[in-house]
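Subject: Structure handover

Hello,

Here is the structure I said I would pass on. Please open it alongside the notes below.

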Amino acid sequence: AARLHYIHTSNDASAGYAVGMRADDDYFAFAGVITDHSNNNNNNISNSNSNSNNDKSSSPPPQTNSNSTTTTKNAPPKPIAGVVNSAGSHLHNHLKFFTTHRKDGHGHPTTHPNYSPRSLQVALSEIERESGAKVSPAQKQWWDIKSQYADCVLLFKTGKFYEMFHDDADVGVKVLGFVYMKGTLAHAGFPEAAYDKMLTKLVDAGYRVARVEQTETPDALKERKKKAPTGKKPQVVCREVCGIVAKGTRTYCFLEDASVLEKGNGGGNGRGPLLTIKEIMLEDSGGEMMECEEDETGTKAVCEYGVTIVDAVTGAVTMGQFADDV
């Protein structure tokens, strides 16, 4: 039988963050450690060292690293293992590819005109150098997903819980009122039952949220291992982004309360449609302005606009096009 130990609670029972064995998955979490106990530590995402026999009633209050000294001027404090590190002092704050030397998936730096914040070039070697440990399969899986959804807050499913790591954990602490778990990696999270409440807070705060679900059971992983050719075997269950939610693209899955869409109960909760506008200058292939016919007022158009309005909830798409002289 699974036992759950709560490290912090709330008047809302769904807001408690439980740690301990998770009955529906062969993962368990304790003070920031996520482990697949069928394969030692291959699925560790947070690398703090804790004793799984401790619980809230017997554990002393967590120590907090809030006054760490730095070895480099203006560098963030180094994280300390085994304690609750303060914001700005976790591993990801020291990764150059994630902070000062950020590049998109095409290798464009932030100063490049074609830079896209939606992707990220990840340097696993830098992570290993800064952490002093090998990147586990679960860590690599998280970074692989983050590299494709760099502008989103990832809610990373593990069993019946959504975990938040690195900069996403920073958002969880700042916006959702969570507390960091022990360890050098920023880590927070919440049970599946609180998904609707937490997602609404994140979306209302202006964040794009990617829901990352387990699309494979531990038993299915074992079967996949058996069928895999000799050599490197899969070490972590499959996970995929199953939905991206923002204010303009808010949809409601089975985990959410869709009653806000009903008339008399918010009617969409104030979320408007997604609007896209495209402007095209009326130029020929040589870059010269095209000769356009005058309208009835004697005005010539110099550009055209295309407009698309999408209501993500109802699925209605409205498109239009018009010319303008400005």
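What follows is a summary of the sheet, the cores and a separate set of paired strands.

Please bear in mind that this is a predicted model.

The sheet

Five strands make up an open sheet with mixed pairing, in the order S9-S8-S7-S10-S11. S9 and S11 (239-245) are the edge strands, each paired on one side only. From one strand to the next the twist averages 30 degrees. Within the sheet, S7 and S8 run antiparallel and are joined by three bridges. One place to look is Thr158, whose bridge partner in S8 is Phe161.

Helix H2 (residues 137-148) packs on this sheet, where it touches S7, S8, S10 (208-214) and S11. The direction of H2 makes about 145 degrees with that of S7. Helix H3 lies across S7, S8 and S9, and runs at about 110 degrees to S8.

The cores

The largest nonpolar core has 23 residues. Those touching the most other members are Leu155, Met164, Phe178, Phe190, Tyr195 and Leu202. Two or more residues each come from strands S7 (152-158), S8 (161-165) and S9 (187-191) and from helices H3 (167-176) and H4 (195-204). H4 gives the largest share, five residues.

Which residues does Tyr195 touch, leaving out those up to four places away in sequence? They are Leu155, Tyr162, Phe190, Arg211, Cys253, Leu255 and Glu256. Two of these names, Leu155 and Phe190, also appear in the list of core residues that touch the most other members.

Another core, of 18 residues, lies apart from the largest one; Leu91, Ile127, Trp143 and Phe156 are among its residues.

The strands S12 to S14

Strand S12 (residues 274-281) runs antiparallel to strand S13 (residues 303-311), and eight bridges join them. S13 in turn pairs with strand S14 (residues 316-324), again in the antiparallel sense, over nine bridges. Val310 can be followed through both pairings: it is the bridge partner of Leu274, and it stands opposite Val317 in S14.

S13 and S14 form a hairpin, with four residues between the two strands. In the turn, Gly315 has a positive phi of about 80 degrees.

If you want a starting point for viewing, I suggest Tyr195 for the contacts listed above and Val310 for the strand pairing.

Regards

Definitions and conventions
Residues are numbered from 1 along each chain as its sequence is written. This is a predicted model: local features need pLDDT of at least 70, side-chain atom pairs count only at pLDDT 80 or more; totals for chains, interfaces and linings use all residues. Side-chain values use heavy atoms; hydrogens and water are left out. Two strands pair if DSSP finds at least two bridges between them. A nonpolar core is a set of buried Ala, Val, Leu, Ile, Met, Phe, Trp, Tyr and Cys residues joined through side-chain atoms within 4.5 Å. Buried means under 20% relative accessible area, exposed over 50%, partly exposed in between (1.4 Å probe, protein chains only). Contact means heavy atoms within 4.5 Å. Axes are lines fitted to C-alpha atoms, for helices over the stretch in contact, and angles run from 0 to 180 degrees between N-to-C directions.
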